[in-house]
Number of protein chains: 2
Amino acid sequence: MQQSPSADRETDALTQLILEVFRLNGSLIAAGDRLVADLGLTSARWQVLGAIALSPTAEPVARLARSLGLHRQGVQRIVNELVAEGIVTLDDNPHHRRAKLVRLTKKGEALYRTAERRQRPWARKLARGIGVKAAVSAHAVLKVVRERLEIEPQMKIEERNTKL
Amino acid sequence: MQQSPSADRETDALTQLILEVFRLNGSLIAAGDRLVADLGLTSARWQVLGAIALSPTAEPVARLARSLGLHRQGVQRIVNELVAEGIVTLDDNPHHRRAKLVRLTKKGEALYRTAERRQRPWARKLARGIGVKAAVSAHAVLKVVRERLEIEPQMKIEERNTKL
DNA sequence: TCCAAATTGACAATATATTGTCAATTTGGA
DNA sequence: TCCAAATTGACAATATATTGTCAATTTGGA
């Protein structure tokens, strides 16, 4: 089903964009790791910490994993490490005997705030001169693509484990 | 060093964009895996295969890894598997006794073409209606950000192993 | 109330990625 | 020509991610 030439230019443009997303993702993770390494964080830990910090209410591991699009087991592993280091605690959940609620400790909150304080000027330098409009528009494009990828044909990570 | 409000909106917009890049990257890898799974490929294998197929001349593993921004060892592992499956071969390199040149076999070329044929209509569906201009502009934004991340403060993957 | 389905954390097996080191070899400048 | 530095693949140790399974528990509909 060959399309019009303009549709093909569109396809090519998106393909290039996708390749750039892969490259940028790699660079961002590497840069994030460097940014918080001396705090004992990694990009992965930071991401989990962020989900805990930003969630309006404390949540169990499985729910955090689901909302991050990560594997339950991977998040569990990270959370267990963070517990061992006194960065988060697992509190009893009045609504579920097994599913403990993950909460930041004082130390965890301080850690997250430190990382946040460091992230901002870093992002500011990266953002300089890009323009709100261009950034918002790029964001919109990526979001549309992601949403198209996520409709049906695909299953969520958790569903894969459960259903297959 | 507090900036003007507009600079902060810019920072916020970029932060949102960055989070979206992480999410999209995950979705793309998952979708890519599904797209070529029945061909015996994964996103990682496909990426390596692409580097081999698109390079104007055959290259050794270390060079492929460098140009992909991946670890030499990871690419080596994938290439070894591809050799075992008859998808690529390691040919003698007249200029270097150890660094064999990775080349696609007939089978490998056919496989890559099959994957490519499948990728195009898939990308076309994803791209529909996005507009060349929006895609190109988004690409430009991501590229600028990546290039800023890659100047100095950071070392290339290979350099890290060698220099530290 | 009851019970099948879904959720959850634990555990284990395996796959994959990362980090570090080494020796063979090539490269490039003195 | 010579030799220090860089590149390269091999190997190994470890870290991390993925997949699969299970039992405890909760949920939601009959």
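This is a short walk through two protein chains and the two DNA strands beside them. The model is predicted, so local features need pLDDT of at least 70 and side-chain atom pairs count only at pLDDT 80 or more, while totals for chains, interfaces and linings use all residues. Residues are numbered from 1 along each chain as its sequence is written, chains are lettered from A and ligands numbered from 1 in the order in which they are written, and side-chain values use heavy atoms, with hydrogens and water left out.

Let us begin with how the two chains are arranged. A turn of 180 degrees, with a shift of 0.0 Å along the axis, lays chain A on chain B with an RMSD of 0.0 Å (a least-squares superposition on the C-alpha atoms of residues with pLDDT of at least 70 in both). That is the relation of a two-fold axis. In chain A, the C-alpha of A:A138 is the nearest to this axis, at 2.2 Å. The copies meet through the same surface, because 100% of the interface residues of chain A are interface residues in chain B too; contact here means heavy atoms within 4.5 Å.

Now turn to DNA strand C. It has 19 residues around it, and A:A62, A:R66, A:R72, A:R98 and B:R77 come nearest; a residue is near a strand if one of its heavy atoms lies within 4 Å of it. Of the strand C atoms within 4 Å of the protein, 59% belong to sugar or phosphate and the rest to bases. Polar contacts (pairs of N or O atoms within 3.5 Å) reach both parts. On the backbone side, a phosphate oxygen of strand C is 3.3 Å from a polar backbone atom of A:V61. On the base side, an N or O atom in the side chain of B:Q73 is 2.9 Å from a base oxygen, and one in the side chain of B:R98 is 3.3 Å from a base nitrogen. Helix 3 of chain A gives the largest share of the surface near strand C, four residues (helices are DSSP runs of H or I, at least four residues, numbered from the N terminus).

What about DNA strand D? Its closest residues are A:R77, B:A62, B:R66, B:R72 and B:R98, out of 19 that surround it. Here helix 3 of chain B gives the most to the nearby surface, with four residues. A base oxygen of strand D is 2.9 Å from an N or O atom in the side chain of A:Q73. A phosphate oxygen is 2.8 Å from an N or O atom in the side chain of A:R77, and a phosphate oxygen is 3.0 Å from a polar backbone atom of A:R97.

Conventions:
Polar contact = N/O pair within 3.5 Å; in protein donor to acceptor, adjacent residues only side chain to side chain. Helix = DSSP H or I, 4+ residues; strand = E, 2+ residues; numbered from the N terminus.
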